[in-house]
Amino acid sequence: MHLVPKTPTTKGPAEMFGGDVHFDVIAAGEAPSRLRVNLVRFAPGAHTAWHRHANGQTLHVTDGMGLVQSRGGDIIEMRQGDTVYTPPGVWHWHGAAPEHFMAHLAMWESLAEGEDGPETEWGEHVQLG
């Protein structure tokens with residue numbers, strides 16, 4: 001057992017996020033654990049671009065109200081305490097509702113040793129409204 005030092009908060013890059021999004025890495029998926037966890041904070045209306053995770057993703061809303069959508073699906077409202085699972089390879093986006101801040105834990109597994117391909121693949125920006 002050891003204490004993992006806190007890394008600095010990072011602003012989400014514009015090619016992956018629309019609006020102000022900041023995240024803190026909680027678990028970096030380093031061997032032997034493949035678990036990756038980020039605390040992600042979205043300003044009102046901020047959101048991810050379309051993306052997909054090779055091993056799926058679980059989101060747990062810790063504060064505020066957000067939106068999530070899989071490609072071709074309905075937009076789903078998320079509130080504090082809600083958990084959303086996106087299966088492997090499913091294109092989706094998520095972010096804060098237009099008039100609310102939102103924070104969530106984003107959890108996924110990094111690729112196993114010897115697995116090829118991107119762990120997370122980013123697509124085009126979401127066109128809302």
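Leaving aside neighbours within four places in sequence, D20 touches K11, R41, F42, A43 and A46. That makes a handy way into this predicted model, where D20 sits in the loop between β2 and β3. From there, the tour below moves to the overall fold, the nonpolar cores and the two largest pockets.

**Around D20 and P13**

- D20 counts as partly exposed because its relative accessibility is 43%, which falls between the 20% limit for buried and the 50% limit for exposed.
- Between the C-alpha atoms of D20 and E99 there are 13 Å, although 79 residues separate the two along the chain.
- P13 belongs to another loop, the one between β1 (10-11) and β2 (17-18).
- With a relative accessible area of 28%, P13 is partly exposed too.
- P13 and T48 are 35 residues apart along the chain, and their C-alpha atoms are separated by 9.9 Å.

**The chain as a whole**

- How many helices and strands does the chain have? It has zero helices and twelve strands, so the order of elements from the N terminus reads β-β-β-β-β-β-β-β-β-β-β-β.
- The chain is as compact as a globular protein of its length, because its radius of gyration of 14 Å is close to the 14 Å that the globule rule gives for 129 residues.
- Taken along the principal axes, the C-alpha atoms fill a box of roughly 45 × 30 × 25 Å.
- Buried residues make up 36% of the 129 in the chain.
- Looking at contacts between residues at least 6 apart in sequence, 65% join residues at least 24 apart.

**Nonpolar cores**

- The largest nonpolar core holds 15 residues, and V21, V40, F42, M78 and M102 have the most contacts inside it.
- Strands β3, β4, β7 (57-70) and β11 each give two or more residues to this core.
- F42, already met as a contact of D20, is one of those core residues with the most contacts.
- Beyond its neighbours within four places in sequence, F42 is in contact with D20, V21, H47, T48, H94, G95, A96, F101, M102 and H104.
- A second, separate core has six residues, including W50, M65, L67 and V126.

**The largest pocket**

- The largest pocket offers about 380 Å³ of space.
- Its lining comprises 16 residues, with V4, I26, A27, A28 and E30 the closest to the centre.
- Which strand supplies the largest share of this lining? Strand β3 (residues 21-28) does, with five residues.
- Sorted by class, the lining of the largest pocket has nine nonpolar, four polar and three charged residues.

**The second largest pocket**

- About 280 Å³ of space lies in the second largest pocket.
- Lining this pocket are 18 residues, and those nearest its centre are F17, N38, H53, W108 and W122.
- Two or more lining residues come from each of β4 (35-42), β6 (51-53), β11 (102-109) and β12 (120-122).
- The lining of the second largest pocket splits by class into eight nonpolar, eight polar and two charged residues.

**Elements that recur**

- Strand β3 gives the largest share of the lining of the largest pocket, and it also gives two or more residues to the largest nonpolar core.
- Strands β4 and β11 likewise give two or more residues to that core, and each does so for the lining of the second largest pocket.

Key. Residues are numbered from 1 along each chain as its sequence is written. This is a predicted model: local features need pLDDT of at least 70, side-chain atom pairs count only at pLDDT 80 or more; totals for chains, interfaces and linings use all residues. Side-chain values use heavy atoms; hydrogens and water are left out. On a 1 Å grid over the protein atoms alone, a cavity is a set of points where a 1.4 Å probe fits but cannot get out, and a pocket is an open set with protein on both sides within 12 Å along at least five of seven lines; lining residues have an atom within 4 Å of a point. Grid points are joined across faces, edges and corners, and a volume is the space filled by probe spheres set on the points. Helices (H or I, at least four residues) and strands (E, at least two) are DSSP runs, numbered from the N terminus. Ala, Val, Leu, Ile, Met, Phe, Trp, Tyr, Cys and Pro count as nonpolar, Asp, Glu, Lys and Arg as charged, and the others, Gly among them, as polar. Buried means under 20% relative accessible area, exposed over 50%, partly exposed in between (1.4 Å probe, protein chains only). A nonpolar core is a set of buried Ala, Val, Leu, Ile, Met, Phe, Trp, Tyr and Cys residues joined through side-chain atoms within 4.5 Å. Contact means heavy atoms within 4.5 Å. The radius of gyration is taken over C-alpha atoms; the globule rule is 2.2 Å times the number of residues to the power 0.38.
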